[in-house]
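Subject: Structure handover

Hello,

Here is the structure for you to take over. Please open it first, then read the notes below.

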Amino acid sequence: MKLLENKIAIITGASRGIGEAIALKLAEHGANIAFTYLSSEEKAIALEEKLSGFGVKAKAYKSNASVYAECEIFVNDVMKEFGTVDICVNNAGISKDNLLLRLTPEQWDDVININLKSVYNITKQVIRPMMKAKKGSIINMSSIIGIKGNAGQSSYAASKAGIIGFTKSIAHELGSRNIRCNAIAPGFIETDMTHYLKDGDASKSFLEKIPLGRFGKAEEIANTALFLASDMSSYITGQVLSTCGGLNI
Ligand code: NAP
C-alpha cells in the first residue's frame with residue numbers, strides 16, 4: 001500500500017546519505033519530490049532519475065539551506081512547479097567537531113547556520129501553503145547528540161537541541177491548522193558524516209553503547225520519516241522520535 005500517493009514533498013540536502021534515502025522512500029510511496037543539494041551535482045542528477053523511476057515527479061534544486069534568500073527562491077520555484085507543499089523534511093546538515101577551546105567562531109557559525117537557521121529558513125516558507133491547505137507534516141532532523149550532548153560537538157549539539165525547541169514551538173503554533181511538526185533523533189547512522197566512526201577501537205567503543213549492537217542504516221531513518229510524513233502518525237505532533245538502536249536509554 002502506498003502511503004503518500006500524489007503528495008508533494010520538499011527535502012533539503014538529499015544528494016547523499018539520509019536525505020537521499022528519505023527521498024527514495026517517499027517516492028516509493030507515491031510522493032512527488034523537490035529536493036535540494038549544495039555541491040554534489042552529479043549525485044543530485046542521478047537521484048532525480050532514480051526518483052522518476054517510481055513514476056513520480058522529481059526535481060533537484062541547487063540551494064544553500066543556510067541562506068534565507070535562497071530558501072525563499074527555492075520554495076517559490078517549487079510552488080510554481082509543483083503547486084503546493086504537503087511534506088517538508090529539513091534534513092540538510094553538517095558537523096565541524098572541535099573541543100570548545102579550539103572551536104573557532106567561523107566553525108560555530110557554519111554549523112548553527114546550516115543545521116539550525118536552515119530549519120527556520122525553509123519552515124517559514126512552507127507553512128503558508130500548508131496553512132492554506134489546512135494540512136501538512138514538517139519533519140526536522142535532530143540528533144541523539146542534541147539530547148545527550150557530546151564532548152567535541154558543542155556546536156552540533158546546540159544546533160540539534162535548538163531544532164527540538166523549534167519543533168515543539170511550531171507544533172504548538174500550527175496544531176490548530178492541522179499542521180504537524182516532529183523531529184527525528186537518529187543515533188549513529190552509516191553515511192559520509194560518520195565514516196570515521198567505523199575504524200578500529202573507536203568503532204568498538206561506540207558499538208558497546210548501542211543496545212542493538214550496530215550502527216543504523218539511512219533507510220531506517222527513512223522509514224521513520226515515512227511514518228511521520230504519512231497519516232499513520234496523524235495524532236503525533238511536537239515529538240522527538242529517537243531512531244538510534246536504543247542509544248538513548
Ligand atoms: P551527509 O551524508 O554528510 O549528507 C549531508 C547532505 O546535506 C548532503 O546531501 C549535502 O549536500 C547536504 N548539505 C550540506 N550542507 C548543505 C547546505 N548548506 N544546503 C543544502 N544542503 C546541504 O550527512 P547525513 O549523515 O546524511 O546527515 C543528514 C542529516 O542527519 C543531518 O542533519 C545530520 O546532522 C543528521 N544526522 C545524521 C546522523 C548520522 O549518524 N549520520 C546522526 C544524527 C543526525 P551536498 O553533498 O550537495 O553538499
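**What was found**

The protein's secondary structure comes to eight helices and seven strands (DSSP runs, numbered from the N terminus: H or I of at least four residues for helices, E of at least two for strands). This is a predicted model, where local features need pLDDT of at least 70, side-chain atom pairs count only at pLDDT 80 or more, and totals for chains, interfaces and linings use all residues. Residues are numbered from 1 along each chain as its sequence is written, and side-chain values use heavy atoms, without hydrogens and water.

Now the overall size. The protein has a radius of gyration of 17 Å, which agrees with the value near 18 Å for a compact globule of 249 residues (taken over C-alpha atoms; the rule is 2.2 Å times the number of residues to the power 0.38). The C-alpha atoms fill a box of roughly 50 × 40 × 35 Å along the principal axes.

Next, the ligand. Its shell holds 31 residues (each with a heavy atom within 4 Å). The closest are Ser-39, Ser-40, Asn-91, Tyr-156 and Thr-191. Helix 1 (17–28) and helix 6 (154–174) each supply at least two shell residues.

Three polar contacts (N or O pairs within 3.5 Å) involve oxygen atoms of the ligand:

- Arg-16, through a side-chain N or O atom, at 2.8 Å.
- Lys-160, through a polar side-chain atom, at 2.8 Å.
- Ile-189, through a backbone N or O atom, at 2.7 Å.

Best wishes

Conventions: Polar contact = N/O pair within 3.5 Å; in protein donor to acceptor, adjacent residues only side chain to side chain.
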